[in-house]
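Thanks for making the time this morning. I would like to walk you through one structure, going from its metal sites to its interior.

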Amino acid sequence: MAYLTQPDYVKYVCSCGQLKPITSLYFCRHCLKIRCGFCICHEVDSHHCANCLENMPSSEARLKKNRCSSCFDCPSCFHTLSTRATMAQQRQAQDPAGGDAKVENKQPKKMYYLSCFNCRWTSRDVGIPDQSVASGGWPERTNPFLSRYNQLLDYYKAIAQQEKQEKLERERKKFAIRGKYITLTDKTGLTGAMARNIAGLPSSESGSSAAIANFTPSQASEEVEELPDDIYTKEVNLKQITSMPQRLAAPEWQPALVARLHPLAKLLSIKRSQRCRACDHNLTKPEYNPGSIKFKIELLAYYHVPEVKIISYETIKPGEKSALLLKLTNPTAHEMQLRLLQPADVPPVEEKEEPRSIEKSLEKSLNLEKDTSYRSIYRTADVSSSCVVVTPATTLTLAQRDDAAEYDDDSQHDTSDIILWRKSNKLALRLEVQTDSAAQSGAPARAALALEYSYRNTVPPAAPAPNHHTLYATLVLDLGTVG
Ligand SMILES: [Zn+2]
Ligand SMILES: [Zn+2]
Ligand SMILES: [Zn+2]
Ligand SMILES: [Zn+2]
């Protein structure tokens, strides 16, 4: 018997076919389907610095290259750097910027430097002069390839714009031929410039074509600088050269020597909300305040789908029956009827394609249509295995979640064949696993199981619809290896 506490031993089949533990799944209350990080839409809600919690709009974040202007990471160990103050005797020769010439008195002045509390790296190690202000003002190194980067950036932007423009033209022509649909420019009084504006395109093409014409492509050259003669003979001092992660943390400079390390401006963090791709409803939405870890909307599968945990199991042996103890939990505030099924007995469900409306066509003409290419990667999870959980024909009733019952000590011991014990919204089941006699010893023992459960939807429906549903979930239990 093995005792298991880790949740990854039980994986649920998402509606897109991925296998995930319940803790990484979402539940859309509008489609009544399990969703995972792979089949939902991730949207950036806000940018903030995880260190100083400064919040900024995405335009500003883009301008700052997604880095905080006042917080730095250690270039050596990537821990956050702290600002330290020292008293320094004012000497004019040491003034870095030379701006403090008026300070002629001999009063000691507070000077600041950056220090890593984790690895003891300081900005003094690499000769960065101390600053007279605690925040900001740290010397910035300019990227040696800045002008080339900007050229490339302009060029690619121009190409993207041109392609968008061409697509827009094509769409417009198509609509004009069909004649049925409203074309943006004719019927709605929307001018071409306005349409371009909505689609985020520039108001004229001349700028982009000029950028493309003036661009000089890079030339490959056969002449490469020779390596220094002593490259293979010189002794390497590992204390002086940087590691690969240290080099790649600053891709613009890629310092090869420790002496060239420079504080790294801290990368901004984002808060994201997640949306169901099929119905466009939010599955999670965080609170805007970067200091808050709460959510305004949090539709996690953990709160809606019955949770299954393995209590213990006997070693799986080919051609034999092994005991399996499972714990079921009803996380909802309503009583739940539950039945165990074989995965093959679950009625197939199809993803409905939503009907196209005029607005959708307009969206499409503006190239704003949402990406549906993800559908092509949908698949059916392979839940076939040599182990079969013998499912009892009885319907089990799970009480609603009761937070106060957590403090109760006594659990009810049932005399029933399959129910081991029952406590508040939890139920322990005594089941059996039948293993195929052809199962290879040493092969992973997986058993698939399906749940049929009643679900009460508490979303206020637009039209009076039944809010009682029968839903299905398929899960795969990892029972070690065939012994
Ligand atoms: Zn999924
Ligand atoms: Zn910051
Ligand atoms: Zn460090
Ligand atoms: Zn949905």
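Let me begin with Cys276, which at 0% relative accessibility counts as buried, where buried means under 20% relative accessible area, exposed over 50%, and partly exposed in between, with a 1.4 Å probe and protein chains only. Before going on, please keep in mind that this is a predicted model, in which local features need pLDDT of at least 70 and side-chain atom pairs count only at pLDDT 80 or more, while totals for chains, interfaces and linings use all residues. Residues are numbered from 1 along each chain as its sequence is written, chains are lettered from A and ligands numbered from 1 in the order in which they are written, and side-chain values use heavy atoms, with hydrogens and water left out.

Now, what coordinates the zinc ion (ligand 4)? Cys276 (SG) is one of its donors, together with Cys28 (SG), Cys31 (SG) and Cys279 (SG), at 2.1 to 2.3 Å; donors here are N, O and S atoms within 2.8 Å of the metal (3.2 Å for Na, K and Ca), and since water is not among the atoms, sites may look incomplete. The 4 donor atoms subtend angles of 101 to 116° around the zinc ion (ligand 4), which makes the arrangement tetrahedral, a word used for four donors if all angles lie between 85 and 135 degrees. Along the chain these donors follow the spacing C-x2-C-x244-C-x2-C. Cys31 lies in the loop between β4 (25-28) and β5 (33-36) and Cys276 in strand β12 (residues 269-276), so the pair ties together parts that are 245 residues apart in sequence; strands are DSSP runs (E, at least two residues), numbered from the N terminus. Cys31, at 21% relative accessibility, counts as partly exposed.

Turning to the zinc ion (ligand 2), its protein donors are Cys49 (SG), Cys52 (SG), Cys68 (SG) and Cys71 (SG), which lie 2.2 to 2.3 Å from it. This site is tetrahedral, with angles of 105 to 112° among its 4 donor atoms, and the donor residues are spaced C-x2-C-x15-C-x2-C in sequence. Because Cys52 sits in the loop between β6 (40-48) and β7 (55-56) and Cys71 in strand β8 (residues 67-73), the pair ties together parts that are 19 residues apart in sequence. Cys52 is partly exposed, with a relative accessible area of 36%, whereas Cys71 is buried, at 6%.

For the zinc ion (ligand 1), the protein donors are Cys14 (SG), Cys16 (SG), Cys36 (SG) and Cys39 (SG), 2.2 to 2.3 Å away, in the sequence spacing C-x1-C-x19-C-x2-C. Cys14, in the loop between β2 (10-13) and β3 (19-20), and Cys39, in the loop between β5 and β6, link distant parts of the chain, 25 residues apart. Both Cys14 and Cys39 are buried.

Finally, the interior: the largest nonpolar core (buried Ala, Val, Leu, Ile, Met, Phe, Trp, Tyr and Cys residues joined through side-chain atoms within 4.5 Å) has 46 residues, of which Tyr453, Leu477 and Leu479 touch the most other members. Strand β23 (residues 444-456) supplies the largest share of this core, 6 residues. Apart from it lies another core, of 10 residues, among them Leu81, Leu114, Ile128 and Leu261.

Technical notes
Four donors count as tetrahedral if all angles lie between 85 and 135 degrees; four count as square planar and six as octahedral if opposite donors are over 155 degrees apart and all others between 65 and 115; anything else is irregular. Helices (H or I, at least four residues) and strands (E, at least two) are DSSP runs, numbered from the N terminus.
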